[in-house]
Each structure stands twice: as structure tokens, then as C-alpha cells.
Amino acid sequence: MAPGRRTLPLLFLTVFVDLVGFGIVLPLLPLYADRFGASGLTVGLLVMVYSVAQFFMAPIWGRLSDRHGRRPILLLGLLGSAAAYLVFAWAGSVAALFASRILAGIGGSTIPVAEAYIADVTPPEKRAGNMGLIGAAFGLGFTVGPALGGLTVGVSTALPGYLAAALCLANAAIAALLLPETRSRASRDATRHAIPPRRRPGWAFTTEGLGIALRKPGLRRVLLLYFLFTVAFAVIQPTLSLFGAQRFGLDARGVGYLFAFLGLVSAVVQGGLVRRIVPRIGEARLIRICGVPFALGLLLLAWAPDLGWVVAALAFLAVGYGGTVPSVLGLISRASPPEIQGGMLGVGQSVGSLARIAGPVLAGAALDLSMALPYLLGAGVAALGTLGAIGLVQPRISGPSSPATPPS
């Protein structure tokens with residue numbers, strides 16, 4: 001029998017420690033690339049390749065977890081992330097940074113597996129709240145990780161990468177010992193029966209899964225919203241470090257504190273507030289409400305005259321992102337058949353990866369024209385997503401574990 005809610009804190013710890021490593025490296029990445037003479041567009045491409053790898057790998061990992069269990073796939077992802085951070089520590093060129101990000105994208109593509117793990121042990125009406133645990137892990141990872149990166153980079157430019165790799169290896173050992181499996185043999189057999197394995201290249205899982213999802217009208221709309229909000233947030237990744245350094249003279253530690261603040265507020269919203277609000281007002285309404293501060297935060301960031309305004313803008317952005325994304329993921333999970341839950345959440349991750357491809361490239365190219373332009377474009381995309389959520393119908397559930405009505 002699948003483990004109950006007692007396993008969620010352990011899963012949270014597993015994802016959190018992995019994302020601490022991610023948070024250590026990401027704020028330093030544009031600064032390292034700038035040291036090698038990279039342009040704004042190259043920095044955007046450097047962030048983008050991570051998402052390209054995730055686009056192809058997330059549905060594959062999700063499908064494999066449906067067939068073989070969540071736990072072994074999560075462990076493989078942690079080991080892959082450790083290898084990526086070692087390459088980052090040894091990087092002596094932009095090409096090496098690209099190699100590290102591709103490896104990190106492959107290892108970091110197991111987030112939908114963690115989301116499917118949550119769906120395995122959570123009734124539909126509580127999934128958005130518990131999906132917020134993943135977002136809270138992201139947020140806290142961006143709180144602790146950048147702070148650790150800022151502290152250790154002053155000792156050695158390689159030390160942040162070594163620290164991130166060590167955390168992933170220790171995390172893999174803990175998960176191997178303590179994290180239980182949620183997919184019973186009968187569940188895995190049901191998945192194999194529902195979608196028999198065929199000889200095909202791995203990328204075919206991605207295109208097939210997208211085809212299944214796009215044939216469902218409710219999923220199409222929710223996936224579009226996920227794409228728009230993720231594009232809007234992704235403009236931050238390749239730009240905030242350079243924005244803080246060039247406009248306000250911040251060093252790596254100061255930029256790390258900005259990311260840490262953004263992560264902390266987002267963690268509080270996703271891990272605390274969303275879990276309490278969604279059962280009362282539903283995912284659809286929360287998306288519409290939180291889309292407003294999402295767009296407002298990006299507008300404020302574009303026009304911020306001093307660091308006080310930057311902090312206020314990041315607070316609005318964190319509230320908006322923290323409310324919209326777990327709500328969208330909850331709707332995707334509700335509309336997905338249980339036997340292919342991991343695969344469909346992997347498709348959602350692929351859509352998010354497409355957004356994290358488009359967002360950084362758009363932001364990097366815009367950054368070469370104007371420091372404010374990436375955030376103005378992001379605000380427009382977030383506003384479009386908010387408008388797209390108007391009329392989104394909240395799924396109805398007749399009982400605590402009955403199937404959900406797909407959103408329309």
C-alpha cells in the first residue's frame with residue numbers, strides 16, 4: 001500500500017536539499033559567464049540549455065517512474081545533479097559551463113516524479129496545497145542556496161560547485177535509506193497494461209505525451225497558463241544577477257541575498273498560504289488573484305530607483321508566482337489519469353521547460369537593449385496569463401477521493 005502523509009516531510013527534505021545545490025549555482029552562473037566574456041544573449045542561452053534538457057527528459061523520467069517506481073528515478077536524478085555540479089566546479093570556459101548545465105538539466109528533470117509521488121499519496125482536492133511543498137522546497141532552496149554560494153565563492157570559485165555536489169550525494173544516500181516507494185507492483189503493472197512499452201527513441205515519450213495532453217481541452221488551457229506564467233518568471237534567472245551588479249553595484253553575496261529573499265517569500269506562500277487557501281477558494285480563483293501581484297512585481301522591478309523598491313518588487317513577484325504555479329500543477333494533476341500521473345506531470349514539466357527556454361533567451365536578448373526591458377516583457381506575459389485565467393472553471397469533487405472533473 002502507498003505510504004501516507006507521513007512521507008511528505010521526507011520527500012520535502014529530499015527535494016529541498018537537491019534545490020539548495022541548484023540555488024548555490026544559479027545566481028553565480030551569469031557572473032561566471034561574464035568573467036569569460038559572455039554576452040547577455042549567451043547568458044540567456046546558458047540558462048536555456050538546462051530547460052532544453054528538461055524538456056526532453058521530464059516526460060521520460062515521469063513515464064519510467066510510472067512503470068518502475070518513483071524512488072529509483074529520484075535517486076538517479078540526484079546522482080546526475082551531483083555530476084553536473086562537479087563539472088561546474090571544474091569549469092574553465094563558457095563551453096564547460098554549458099556542459100554542466102546540460103547535465104544539471106538531465107538530473108533536475110525528476111521534479112515531476114516528486115510531484116507524482118505527492119499525487120500518489122494525496123486526494124485530488126488537497127493536491128495543489130501539497131504541490132506547494134515542491135514550490136516551498138524551491139523557495140527555501142533559493143533562500144539557503146544563494147546565501148551559501150555567496151559565502152563560499154569568496155573562499156574559492158570552485159567551492160560552491162563542490163558544496164552543491166556533496167549535498168546531492170549526501171541527499172541520495174539519505175533518500176536511498178529512508179524514502180519509501182509509493183507505486184505498488186500492481187500499480188506499475190497497470191501502467192504497463194495501459195500503455196505497453198514499444199521500441200522507440202526516448203524523445204518519442206515527450207512528443208507522445210504532449211499529444212495526449214493537447215487532445216484534452218481542459219489540459220490545453222491549463223498548460224498554456226503554466227507556459228505563460230513560467231515565461232514571465234524565467235526572465236529573472238539570467239538577468240537579476242547582472243541587474244543587481246550593474247545598476248546597484250551588488251557583489252555575488254548581495255545578489256545571493258536578493259535570490260534568498262525571493263525564495264523565502266515564495267516558500268512561505270507555497271508551503272503555507274496556498275495549502276490553506278486552495279481548499280477554501282479553489283485553484284482557478286487563486287490563479288486569477290495571484291496573477292495581479294505577479295505582473296505588478298515585474299513592473300516595479302523594471303522601474304526600481306533603489307534597493308528598497310527592488311525588495312518590494314521581489315515580494316510582489318514571489319507572492320504572484322507562489323500562488324499561481326502550484327495551483328496550475330494541481331489542476332494538471334486533477335485532469336491526469338492515475339496510471340499515467342507521472343507521465344502527464346512530466347508533460348507539464350516539459351511545457352515549463354519550453355517556457356524556461358523562451359524566457360531566458362527573450363530576457364537575455366532584451367538585456368542587451370535595455371536593463372528594464374526583460375521585466376517589462378515579463379510583466380506583459382504575466383498579465384496575459386492572468387487574463388487567460390478568466391473563466392477558468394474550478395474542478396468539482398463529489399467525494400474525498402473521487403476522480404476530478406478536468407478544468408475547462
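At what angle do helix H4 and helix H8 pack, and how far apart are their axes? Let me start there. One caveat first: this is a predicted model.

H4 covers residues 70-90 and H8 covers residues 159-178. The two pack at an angle of about 165 degrees, and their axes are 7 Å apart. Angles over 145 degrees count as roughly antiparallel, so H4 is roughly antiparallel to H8. Their crossing is left-handed.

Who makes the contact? On the H4 side, the residues include Leu 75, Leu 78, Leu 79, Ala 82, Tyr 85, Leu 86 and Trp 90. On the H8 side, they include Gly 161, Tyr 162, Ala 164, Ala 165, Cys 168, Leu 169 and Ala 172. By class, the contact of H4 with H8 has 18 nonpolar, three polar and one charged residues. Arg 71 of H4 is part of that contact.

H4 has another partner, H6. Here the angle is about 155 degrees, with the axes 10 Å apart. The cut-off is again 145 degrees, so H4 is roughly antiparallel to H6. This crossing, too, is left-handed. From H4, the contact takes Arg 70, Ile 73 and Leu 74. From H6, it takes Val 113, Ala 114, Ala 116, Tyr 117 and Asp 120. The split is six nonpolar, no polar and two charged residues.

Next pair: H3 and H5. H5 runs over residues 94-107. The helices pack at an angle of about 25 degrees, and their axes are 7 Å apart. Angles under 35 degrees count as roughly parallel, so H3 is roughly parallel to H5. The crossing of H3 and H5 is right-handed. Contact residues on H3 include Leu 45, Leu 46, Val 49, Tyr 50, Ala 53, Met 57 and Trp 61. On H5 they include Val 94, Leu 97, Phe 98, Arg 101, Ile 102 and Ile 106. The classes come to 13 nonpolar, three polar and one charged.

Now the internal space. How many cavities of 30 Å³ or more are there? The count is three. The largest has a volume of about 490 Å³. It is lined by 34 residues. Closest to its centre are Phe 138, Phe 233, Gln 237, Tyr 321 and Arg 356.

Which helix gives the most to that lining? H7 does, with six residues. H7 spans 127-153. Other helices that each supply at least two lining residues include H1 (8-25), H11 (217-234), H13 (252-281), H15 (307-334) and H16 (341-367).

Two helices from the packing section turn up here as well. H3 (40-68) and H6 (111-121) each supply at least two residues of the lining of the largest cavity.

Last point, the chemistry of that lining. It divides into 20 nonpolar, eleven polar and three charged residues. Arg 356 is among the residues closest to the centre of the cavity, and so is Gln 237. That's my tour; questions, please.

Conventions
Residues numbered from 1 in each chain as written. Predicted model: local features only at pLDDT ≥ 70, side-chain atom pairs only at ≥ 80, totals over all residues. Heavy atoms only, no water. 1 Å grid on protein atoms, 1.4 Å probe; cavity = no way out; pocket = protein on both sides within 12 Å on 5 of 7 lines; lining within 4 Å. Points joined across faces, edges and corners; volume = space filled by probe spheres on them. Helix = DSSP H or I, 4+ residues; strand = E, 2+ residues; numbered from the N terminus. Nonpolar A, V, L, I, M, F, W, Y, C, P; charged D, E, K, R; others polar. Axes fitted to C-alpha atoms, helices over the stretch in contact; angles between N-to-C directions. Parallel < 35°, antiparallel > 145°, perpendicular 65-115°, else oblique. Left-handed = near helix turned anticlockwise from the far one by under 90°. Contact = heavy atoms within 4.5 Å.
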